[in-house]
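Here are a few friendly notes to read alongside the model. Take them one at a time, and keep the picture open as you go.

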Amino acid sequence: MKTYDTIIIGAGPAGMMAAISSCFYGNSTLLLEKNKRLGKKLSGTGGGRCNVTNNGTLEDLLEGIPGNGRFLYSVFSQFDNQDIINFFEENGVKLKIEDHGRVFPTTDRSQTIIKALEMKMLELGVDIRTGCEVVSVKKIEDLFHVKTAHTEFTATKLIVTTGGKSYPSTGSTGFGHEIARHFKMQVTELEAAESPILTDFPHKALQGISLDEVTLSHSKHVITHDLLFTHFGLSGPAALRLSSFVSGGEVAHLDFLPGMSSDELSSYLTENREKAVKNALKGLVPERVAEFLSADLPEKIKQLSVTEKQELIDKLKSLPIKITGKMSLARSFVTKGGVDLKEINPKTLESKKVPGLHFAGEVLDINAHTGGFNITYCLCTGWVAGMMHY
Ligand SMILES: Cc1cc2nc3c(=O)[nH]c(=O)nc-3n(C[C@H](O)[C@H](O)[C@H](O)COP(=O)(O)OP(=O)(O)OC[C@H]3O[C@@H](n4cnc5c(N)ncnc54)[C@H](O)[C@@H]3O)c2cc1C
């Protein structure tokens, strides 16, 4: 039985980058993935286009990682989002930057990113085994024994990159937390984060509409970002971000036009008073939203009563939406909680209790907003966990 320098469990962004780094530093490296293909969850990010990182400053990154981002100072000083961008460009992937600093491959295809990671691993000599589920891990003296259904592998270093517990159909079922518990390490409570929001809104009328840069607010939480109406309620970055502050029973307010004051809107309606309400609104909001808001009103703006005009302005600036709940952990984009960071050396990502045992990516108690922030910290922690630290 061959003993590797490093075994990595899980081929998401963290695991693949850990494998690249480990091999780059001259270690014989085995990557085990239970799915038949690499990066299954990664392939679904950014609407299937792979939101590979975010181009923001260090401050932007920390703001985009509300769940323990500060733990990552040391990681980002060793490998950060600019290193991710350089890595892909040096490996032949052209990238583009979209709104909110989101970085995508110019092909708009996740496979471009996954293929580049795979090619780099093969070039460096990573031994990649897909369709290979790890069922148990033990440490005997200085060696980790990693057992799959059919065989056992050994290594002096083990990197756990099995992800969180969201979207378990992608393979992230929480196995890494079991490994941590096996080694008597603490795992903080696992909760849903970046969850789509359930509402009692008339879903059919607006389902499928996506809005750019609207403001969704509840209490003191005011979020301006893109929003998507779905068959169950709200999704898209604005809703996912607000989800941390609601549980159900609250009323959120939607401002369709954050760049326009109520007075400006009133003047706009007066200037267009000869027009049909729907047509005037079409100049401001998507057609189906215009139809929805003008449904019970007289046809022309000049036919609106003072109250009707004010109600229309109120709906455009502060439409109340009753929140009835949010999606479960399994159907949320991200897992909050994970391997307790108190037990992890922030420079090396090695367990303080178990020498040679490392964790990277979403298995750790770190959670970020969508928009490339999760993938950024997963790739960066992966690189650092795979490094040789002298
Ligand atoms: C629909 C969706 C959209 C998202 N969009 C964004 C976005 O736009 N921006 C953003 O920043 N984040 C986004 N995220 C979050 C992001 O995808 C994750 O945070 C990231 O993929 C986590 O990376 P990871 O490498 O830690 O784990 P994962 O990507 O979950 O990979 C873990 C891997 O480990 C494997 N594994 C688990 N157990 C075993 C085992 N016992 N044996 C072998 N292999 C095992 C799994 O099969 C899996 O392939 C999105 C998530 C979802 C679900």
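Where does UniProt place the feature "transmembrane region"? The points below begin there; please keep in mind that this is a predicted model.

1. **The annotated stretch at the start.** The UniProt record places "transmembrane region" at residues 6-32, in an unreviewed entry. In the model, that span is 44% helix and 30% strand. Its end C-alpha atoms lie 11 Å apart.

2. **Two domain annotations.** UniProt, again in an unreviewed entry, lists "domain: RsdA/BaiN/AoA(So)-like Rossmann fold-like" at residues 5-387. This span is 32% helix and 23% strand, with 12 Å between its end C-alpha atoms. The record also gives "domain: RsdA/BaiN/AoA(So)-like insert" (unreviewed entry) for residues 192-334. Over residues 192-334, helix makes up 34% and strand 28%, and the end C-alpha atoms are 6 Å apart.

3. **The barrel.** Try tracing the strands in the order β11-β14-β13-β12-β15-β16: these six make a closed barrel with antiparallel pairing. From one strand to the next, the twist averages 50°. Helix α13 (residues 306-318) packs on the sheet, where it touches β15 (251-255) and β16 (319-326). The direction of α13 makes about 100° with that of β15.

4. **The hairpin of β12 and β13.** How many bridges join β12 to β13? There are seven, and the two strands run antiparallel. One of the pairs to find is His218 with its bridge partner His221 in β13. Two residues lie between the strands of this hairpin, and Ser219 in the turn has a positive phi of about 55°.

5. **The hairpin of β13 and β14.** Strand β13 (residues 221-229) also pairs with β14 (residues 233-235), in the antiparallel sense and over two bridges. Here three residues separate the strands of the hairpin. Looking across from β13 to β14, you will find Phe229 opposite Leu234, while Leu228 has Ser235 as its bridge partner.

6. **The buried side of α12.** Which residues of helix α12 (residues 287-294) are buried? They are Val289, Ala290, Leu293 and Ser294. These residues are on the same side of α12 because they cover an arc of only 120° around the axis. A general rule helps here: an α-helix has 3.6 residues a turn, so residues three or four places apart point the same way. Among the elements that cover the buried residues of α12 are α8 (203-206), β12 (210-218), α11 (277-282) and α13.

7. **The cysteines.** How many disulfides does a search of the whole structure find? The search finds zero. Take Cys23: the closest cysteine sulfur, in Cys132, is 17 Å from its own, which is too far for a bond. A disulfide needs the two sulfur atoms within 2.5 Å. Cys378 is in no disulfide either, as the nearest cysteine sulfur, that of Cys380, is 9.3 Å away.

8. **Buried or exposed?** Are Cys23 and Cys378 buried or exposed? The cut-off to use is that buried means under 20% relative accessible area. Cys23 counts as buried because its relative accessibility is 12%. Cys378 is buried too, with a relative accessible area of 6%.

Notes:
Residues numbered from 1 in each chain as written. Predicted model: local features only at pLDDT ≥ 70, side-chain atom pairs only at ≥ 80, totals over all residues. Heavy atoms only, no water. Buried < 20%, exposed > 50% of the residue type's maximum accessible area, 1.4 Å probe, protein only. Pairing = 2+ DSSP bridges. Helix = DSSP H or I, 4+ residues; strand = E, 2+ residues; numbered from the N terminus. Axes fitted to C-alpha atoms, helices over the stretch in contact; angles between N-to-C directions. Contact = heavy atoms within 4.5 Å. Arc of directions from axis to C-beta. UniProt positions renumbered as here; feature names shortened; annotations may be inferred.
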